[in-house]
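Dear colleague,

I am passing on the structure we spoke about, and below it you will find what I found when reading through it. Please keep it open beside this message as you read.

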There are 2 protein chains.
Amino acid sequence: MDMSDDATPRPLVLGALIFDGVEPLDLFGPLEMWMNLGPDLVSVSLIAETTEPVAVATVGWPFELAPRLLPHYDFEHAPALDIILVPGGVGTLREVDNPRLIEWLSSRGADAEITTSVCTGAQLLAQAGLLDDRSATTNKAFFSYVAGFGERTDWQRSARWVDSGSVATSSGVSAGIDLSLALIARLFGQERAEQIAAGTEYAWHRDPAHDPFADQIDIAMPFLESLQSA
Amino acid sequence: MDMSDDATPRPLVLGALIFDGVEPLDLFGPLEMWMNLGPDLVSVSLIAETTEPVAVATVGWPFELAPRLLPHYDFEHAPALDIILVPGGVGTLREVDNPRLIEWLSSRGADAEITTSVCTGAQLLAQAGLLDDRSATTNKAFFSYVAGFGERTDWQRSARWVDSGSVATSSGVSAGIDLSLALIARLFGQERAEQIAAGTEYAWHRDPAHDPFADQIDIAMPFLESLQSA
């Protein structure tokens, strides 16, 4: 059965927040799934503080060597958004202290139908106040670090993702793909989500409570401390 | 045990071939895994026919609306490559008839240690002659279409990926992640690959013979014919 609401205008407008040090799979795993709905159902744009190229990188890459993306919009010119996708990555450690980004996310997140994060993207949502009095999760290896930014949040130590309605957070990196399919199922029906998973040959992990990586809680904390003292 | 060969110079030089209509997850799933080795073990660059921005898109997206990537190099200026990553996507349907791209791939593929494809990227490898007298696989839904470009290839109808040594091909989209981890295990040891899978919270499908999508053989062929007649 298709659960999509025919009264909601389409396409939904999805904006992905990007910044130097955005994790490749955090961003393009979910975008793969959302874009497979096609431009008639969802429009997709990349939004950054400025329209300068943005470095997509994992930990340890000098940004000037990394692949670079062109944002569609800067903060000021971004259209009204139905869905905000906030990927994680090493860049969130810096952006959490960027008042322009946090204010933009706080303001736009209050108006969006769904604000969704992957991995340490939850750090930015927490800093923007979007996780207050909500249940949420994040990358397990960096758990306590991220959780420290959301003191009023009920952090889930074992969850592939947590969907609290207007805010939905996933565990680390690959978990964002599973959550994006769950959101597509909520908005456009289970059948459509199953079609997209099959079309991308993705073995979708459908149970948000099954977390095969919950035993990695805080294992990256010593590494993180070495990064911060470097 | 770490199987890496200390005699091989590091970093290995990996170049990803990109073109308008490259599939997001075909490219950034494997890049997520390779980049996690860090720039001391592997250098990563994006290579295109020209250095103009390249549209990353799934089927049905006008390229001018899609996210855009900046190539590091055009064909002429690309460095010598140890590993060539060829993602698939709707763009391969056009690029298979681009003689500059096919000649570049044929020439560079002959010199690389490993040429690896995801999804319909195998179509480009086949056209470049890199799959002659080899075993290979591709996206199952477009199987017969892609296989038609490699008449001297032993196409595997059920395989998550096929590693034939200097050439390694994967099935559709997400399968490229599994293959990239297998190649990382071959080059840098199983332990390193397991660490990267765990660090990205990816449930790695380690068995190349297990293909959960083999029953989708040719299901997209009618759709493909509609695209080609449009």
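A residue is called buried when its relative accessible area is under 20%. Please keep in mind that this is a predicted model, for which the predictor gives the complex an ipTM of 0.95 and a pTM of 0.96. Chain A has an average pLDDT of 95, with 96% of its residues scoring at least 70.

With that cut-off in hand, the helix α1 of chain B, residues 24-35, is a good place to begin. Buried residues in α1(B) include B:Leu25, B:Phe28, B:Leu31 and B:Trp34, and also B:Asp26 and B:Glu32. Because twelve of its twelve residues are buried, α1(B) is largely enclosed by the rest of the structure. Its twelve residues should span 16 Å at 1.5 Å a residue, and this agrees with its end C-alpha atoms, which are 16 Å apart.

In chain A, strand β6 (residues 83-86) is covered on both faces, with A:Ile83 and A:Leu85 buried on one side and A:Ile84 and A:Val86 buried on the other. In a regular strand the side chains alternate between the two faces of the sheet. Strand β1(A), residues 12-17, runs parallel to β6(A) and is joined to it by three bridges, where A:Ala16 has A:Leu85 as its bridge partner. Four bridges join β6(A) to β7(A), residues 114-117, again in parallel, and here A:Ile84 stands opposite A:Thr115.

Finally, how are the two chains related? A rotation of 180 degrees, with 0.0 Å of shift along its axis, superposes chain A on chain B with an RMSD of 0.0 Å, which is the relation of a two-fold axis. The same surface serves both copies, since 100% of the contact residues of chain A recur in chain B.

With best wishes

Methods:
Residues are numbered from 1 along each chain as its sequence is written. Chains are lettered from A and ligands numbered from 1 in the order in which they are written. This is a predicted model: local features need pLDDT of at least 70, side-chain atom pairs count only at pLDDT 80 or more; totals for chains, interfaces and linings use all residues. Side-chain values use heavy atoms; hydrogens and water are left out. Copies are superposed by least squares on the C-alpha atoms of residues with pLDDT of at least 70 in both. Contact means heavy atoms within 4.5 Å. pLDDT is the predictor's confidence in each residue, from 0 to 100. Helices (H or I, at least four residues) and strands (E, at least two) are DSSP runs, numbered from the N terminus. The expected span of a helix is 1.5 Å times one less than its number of residues. Buried means under 20% relative accessible area, exposed over 50%, partly exposed in between (1.4 Å probe, protein chains only). Two strands pair if DSSP finds at least two bridges between them.
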